[in-house]
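Me: I have a chain on my screen and would like to talk it through with you. Could we go question by question?

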Amino acid sequence: MKTTATEAEVPAQEAQPSQPTKAERKQQKKAEKAERAEKAEAEKAEADRAEEERAQARAKVATEDEWRSALETAVKQRDDYLEMARRTQADFQNFKRRNEQIGTERYDEGVRDALSAMLPVLDNLDRAIAAAEQAPDIGKLIEGVQMTRRQMLDSGAKLGLQEVPALGEKFDPELHNAVMRTEEGEPGTVLEVFQKGYRVKDKIIRYAMVKVAAE
């Protein structure tokens with residue numbers, strides 16, 4: 001059979017691409033959804049990591065600021081209490097001229113009261129030093145707290161302030177206050193000091209709070 005010219009000139013129709021089936025479209029949407037979920041999860045993980053780093057940085061700054069604030073407060077309290085002690089001493093000098101015997105006793109009582117008021121500051125400095133030694137990169141701050149504590153003790157020593165020996169010592173009810181007892185350790189020995197004790201000359205102004213090995 002012969003092909004006419006008209007038929008020969010008609011180009012062959014190109015094959016049309018097949019449309020995806022409903023199942024294929026569903027599978028494609030599922031894959032796209034999973035991809036979006038994975039991307040969102042990765043972005044959330046990155047955001048959480050960044051937030052954690054920022055929180056750590058803020059915590060470090062806050063810790064250093066807290067120690068600086070604690071040191072400033074302790075220094076101010078130290079100055080206030082030392083000024084109180086100096087005023088007490090000045091008052092005594094005036095009183096001494098009037099009555100030497102009575103004045104001496106009142107002076108000692110005034111000094112004991114002033115130094116007793118200073119003891120919570122010493123406690124805070126001890127706690128600040130102990131805590132600061134566990135934190136990194138604040139060596140200068142520790143030195144500042146230790147220097148402040150030494151200055152306070154030196155000033156107190158001029159007025160007769162002395163620390164009561166406790167750790168490792170034989171328990172003495174005239175010096176120590178046993179708030180805890182244990183069966184461990186050498187009987188009758190002070191094993192731990194919860195709060196230091198102090199005396200002014202021969203007078204106890206605060207007993208040492210201790211843990212003692214039971215006898």
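Me: Happy to start with a charged residue. In which helix does Arg149 lie?

Reply: Keep in mind that this is a predicted model. Within that model, the helix that holds Arg149 is α4.

Me: Is Arg149 buried or exposed?

Reply: The cut-off for buried is under 20% relative accessible area. Arg149 has a relative accessibility of 13%, so Arg149 counts as buried.

Me: Which residues does Arg149 touch, leaving out those up to four places away in sequence?

Reply: Two of its partners are acidic by name, Asp126 and Glu163. The others are Leu122, Leu125, Ile129, Lys196 and Tyr198.

Me: Let's turn to Arg112. Where does Arg112 lie, and is it buried or exposed?

Reply: Arg112 belongs to helix α3. Its relative accessible area is 14%, and the limit for buried is under 20%, so Arg112 is buried.

Me: What is Arg112 in contact with beyond its neighbours within four places in sequence?

Reply: Arg112 is in contact with Glu105 and Lys203. The list also holds two nonpolar residues, Val200 and Ile205.

Me: Ile205 has come up now. Which residues have the most contacts inside the largest nonpolar core?

Reply: That core has 28 residues. At least two residues of it come from each of α2 (22-98), α3 (100-132), α4 (139-158) and β4 (197-200). The most contacts inside this core belong to Leu115 and Ile205.

Me: Which element gives the most to this core?

Reply: With twelve residues, the element that gives the most is α3.

Me: And what does Ile205 touch, not counting residues up to four places away in sequence?

Reply: Ile205 touches Arg112, Leu115, Ser116 and Leu119. The rest of its partners are Leu161, Tyr198, Arg199 and Val200.

Me: How many residues are in the second, separate core?

Reply: Its members include Val190, Ala208, Val210 and Val212. The size of this second core is five residues.

Me: What about the aromatic rings: how far is the charged end of Arg181 from the ring centre of Phe171?

Reply: The count of aromatic pairs comes to zero. Phe171 does have a charge over its ring, though, from Arg181. The charged end of Arg181 lies from the ring centre at 5.7 Å.

Me: To finish, what pattern does the chain follow along the sequence?

Reply: The chain has four helices and six strands. Of its 215 residues, 27% count as buried. Read along the sequence, the pattern is α-α-α-α-β-β-β-β-β-β.

Conventions
Residues numbered from 1 in each chain as written. Predicted model: local features only at pLDDT ≥ 70, side-chain atom pairs only at ≥ 80, totals over all residues. Heavy atoms only, no water. Core = buried A, V, L, I, M, F, W, Y, C linked by side-chain atoms within 4.5 Å. Buried < 20%, exposed > 50% of the residue type's maximum accessible area, 1.4 Å probe, protein only. Contact = heavy atoms within 4.5 Å. Phe/Tyr/Trp six-rings, centres within 6.5 Å; stacked < 30°, edge-to-face > 60°. Lys NZ or Arg CZ within 6 Å of the ring centre and 35° of its normal.
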